[in-house]
Amino acid sequence: MTKTIFYARVSTADQTLDHQKAQAEAAGFEIDEVIADHGVSGVSTTLGERPEGKRLFDKLRHGDTLVVRWVDRLGRNYQDVTDTIRHFMRQGVVVKTVINGLTFDGATQDPMQEAVRDALIAFMAATAQAQAEATKEAQKAGIEAARQDKVKYRGKKPSYDRETLGVVVDMLGNGAGASEISKATGLTRQTVLRIRKDPAGAEEVLGRWGM
């Protein structure tokens, strides 16, 4: 019997496993089992090196489906993400994402479909790594600015973290509407609209909070 496994990487206090699972169920996925890693980096730790992530390689079988919130839950390193997705496809596992509703399936034998699929995998993996690197640089810049300027007033703590902001910006770039993004990320529609109006300002707010 085939099964659907939902994998979550919960790397910050602002993320919760329940929230990520609820998003998947709201998108129509029927989850048979949840596997999650808490407090691990997607940049420095590959999926196979994580305590729970490595279980996926033993549990998933031909015909199973692996569901993740987005490809960055598998990792934020280009080589690791592309290798991981291709490994599962070779095993006959279908990989699906909650955000953007992507499906990576190794069953196709059509060379054009394979080319499009592989290009999309490469693009998503590259985006995940680029966002991670941008986040790291933004954090460094924010901390330095706070240190030099001795910023004392930070304002209200934002309802999003840098990973969520990256998803919002990515979805906006793909033409998604505020309501769709709100449903996918759990942010209010007003927050999404503010980010769309001033993405640089949203980054600045996170920098003031050292997030």
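**Notebook: helix packing, fold and selected residues**

I began with the packing of helix 1 (residues 17-26) against helix 6 (residues 178-185), where the axes lie 8 Å apart and form an angle of about 130 degrees. I noted that this is a predicted model. I classed the two helices as oblique to each other, because about 130 degrees falls outside the ranges for roughly parallel (under 35), roughly antiparallel (over 145) and roughly perpendicular (65 to 115). I then listed the residues in contact: helix 1 contributes His-19, Gln-23 and Ala-26, and helix 6 contributes Lys-183, Ala-184 and Thr-185. By residue class, I recorded two nonpolar, three polar and one charged in this contact.

**Confidence**

I looked up the pLDDT next. The mean for the protein chain is 83, and 85% of the residues reach at least 70. I compared the elements: strand 3 (residues 65-68) has the highest mean, 95, and helix 4 (residues 111-149) the lowest, 69.

**Chain as a whole**

I counted eight helices and five strands in the protein chain. Their order along the sequence reads β-α-β-α-β-α-β-β-α-α-α-α-α. The chain has 211 residues, and I found 44% of them counted as buried. For the accessible surface I noted about 11100 Å², with 51% of it supplied by carbon and sulfur atoms. I also checked the sequence range of the contacts: of those with a separation of 6 or more, 71% join residues 24 or more positions apart.

**Phe-6**

I located Phe-6 in strand 1 (residues 4-10). Is Phe-6 buried or exposed? Its relative accessible area is 0%, so I entered Phe-6 as buried. Leaving out residues up to four places away in sequence, I found that Phe-6 touches Gln-20, Lys-21, Ala-24, Ile-31, Glu-33, Val-34, Ile-35, Val-67, Val-68, Arg-69 and Val-98. I also took the C-alpha separation of Phe-6 and Glu-30, which is 9.3 Å for residues 24 apart along the chain.

**Asp-80**

I placed Asp-80 in helix 3 (residues 78-90). The relative accessible area of Asp-80 is 12%, which is under the 20% cut-off, so I recorded this residue as buried. With residues up to four places away in sequence set aside, Asp-80 is in contact with Thr-46, Leu-47, Leu-74 and Gly-75. I noted a C-alpha to C-alpha distance of 8.5 Å between Asp-80 and Ala-125, which are 45 residues apart in sequence.

**Met-124**

I found Met-124 in helix 4. I had already noted that helix 4 has the lowest mean pLDDT among the elements. The relative accessible area of Met-124 is 4%, and I therefore entered Met-124 as buried. Which residues does Met-124 touch, not counting residues up to four places away in sequence? I listed Trp-70, Val-71, Leu-102 and Phe-104. For Met-124 and Trp-70, 54 residues apart along the chain, I recorded a C-alpha separation of 9.0 Å.

**Asn-100**

I closed with a backbone entry. Most residues other than glycine have a negative phi. Asn-100 is not a glycine, yet I found a positive phi of about 75 degrees there. I located Asn-100 in the loop between strand 4 (94-97) and strand 5 (103-104). At 31% relative accessibility, I counted Asn-100 as partly exposed.

How values were computed. Residues are numbered from 1 along each chain as its sequence is written. This is a predicted model: local features need pLDDT of at least 70, side-chain atom pairs count only at pLDDT 80 or more; totals for chains, interfaces and linings use all residues. Side-chain values use heavy atoms; hydrogens and water are left out. Axes are lines fitted to C-alpha atoms, for helices over the stretch in contact, and angles run from 0 to 180 degrees between N-to-C directions. Helices (H or I, at least four residues) and strands (E, at least two) are DSSP runs, numbered from the N terminus. Contact means heavy atoms within 4.5 Å. Ala, Val, Leu, Ile, Met, Phe, Trp, Tyr, Cys and Pro count as nonpolar, Asp, Glu, Lys and Arg as charged, and the others, Gly among them, as polar. pLDDT is the predictor's confidence in each residue, from 0 to 100. Buried means under 20% relative accessible area, exposed over 50%, partly exposed in between (1.4 Å probe, protein chains only). Accessible areas come from the Shrake-Rupley method with a 1.4 Å probe; for residues, only the protein chains shown count as cover.
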